[in-house]
Amino acid sequence: MKKIYFVGAGPGDPELLTLKGQRLISEADAILFAGSLVSTAAMMWAKNSCEIQDSKGMTLVEITDWLITHAIDNAKVIRLQTGDPSLYGALIEMVQALDKEDIAIEVVPGVTSAMASAAAAVETLTLPEITQTVIFSRVEGRTPMPKGESLHELAAHHCTLCLYLSITLLKKIKAELLIAGWLENSPIVVVYKASWENEQQIIRGTLASIQAQCKQAKITSQAMIIASPTLGARHWKTLKKSKLYDADFSHKFRKANKSK
Ligand code: SAH
């Protein structure tokens, strides 16, 4: 049977690959990896005989042609994607081309860069009574945003925003968030190359300051922008505690402490 695996490589640190992803890489006969963002270290488990190709510089048709050519019976062929394949990864365009050739597909999820960035900065994206919602989005650049998804509309929820592919658009982000009623001193965290050893940078600022800070740090790509009312909660003096761990709150596994 002909089959292609789309494997999420995670944000960069090879140890953030899933066990399944690691096993598939170690068994692969051919791997096409997504250029600049997939750590070559992720391929350290590949067999010597495995054909490894960088897709940087390839068009989508060249990518699918490569996959189709390599998908011979019983060969293990992997398209290694950054983070999780279902986010900003052109997954369906590739899958449709393979469906036409009757090639089976399996997708293996990966740790997306939003999660790796939150982890790097020791931030939570949800916090009781602050926000319980996370939006993964991007700002309109050359790719138009669908109706109803402009940043000021999304930001009107005042929930957590994780913005991919938008580090060159910080000026626009500021303008849109201000329209949505965020304050100039709203905290923003930018994480450059989350989980990349010796390269990761965490920039903490505000809506007013973050653009200049990123410019000074020369961050122009491979960065996640997190805007959230939860940022910095580690240093807050008072927190609304999660009900799940509250001594006065009963749930399936624990009775409330009635003596209080
Ligand atoms: N599928 C990927 C996203 C691909 S789009 C995922 O799930 O993470 C590429 C964008 O992802 C970049 O512009 C950047 O915003 C973000 N990104 C990818 N790797 C990153 C990393 N290690 N640190 C911070 N942002 C990253």
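A residue counts as near a molecule or strand if one of its heavy atoms lies within 4 Å of it. This is a predicted model, in which local features need pLDDT of at least 70 and side-chain atom pairs count only at pLDDT 80 or more, while totals for chains, interfaces and linings use all residues. Residues are numbered from 1 along each chain as its sequence is written, and side-chain values use heavy atoms, with hydrogens and water left out.

Q: Which residues come nearest to the ligand?
A: The ligand is surrounded by 19 residues. Those that come nearest are Leu-87, Thr-112, Ser-113, Ala-194 and Ala-223.

Q: How far is an oxygen atom of the ligand from an N or O atom in the side chain of Ser-113?
A: A polar contact is a pair of N or O atoms within 3.5 Å; within protein, one must be able to donate a hydrogen and the other to accept it, and residues adjacent in sequence count only if both atoms are side-chain atoms. A ligand oxygen and a side-chain N or O atom of Ser-113 form such a pair, at a distance of 2.7 Å.

Q: Why does the ligand lie between domain 1 and domain 2?
A: Domain bounds come from an automatic or database domain assignment. Residues of the shell around the ligand come from both domains, so the ligand lies between domain 1 (3-108) and domain 2 (113-232).

Q: What is the strand order of the open sheet of five strands?
A: Strands (E, at least two residues) are DSSP runs numbered from the N terminus, and two strands pair if DSSP finds at least two bridges between them. Pairing in this open sheet is parallel, and the order is β3-β2-β4-β1-β5.

Q: Which residue of β4 stands opposite Ile-31?
A: Strands β2 (residues 30-33) and β4 (residues 77-81) pair in the parallel sense over four bridges. Opposite Ile-31, β4 places Ile-78.
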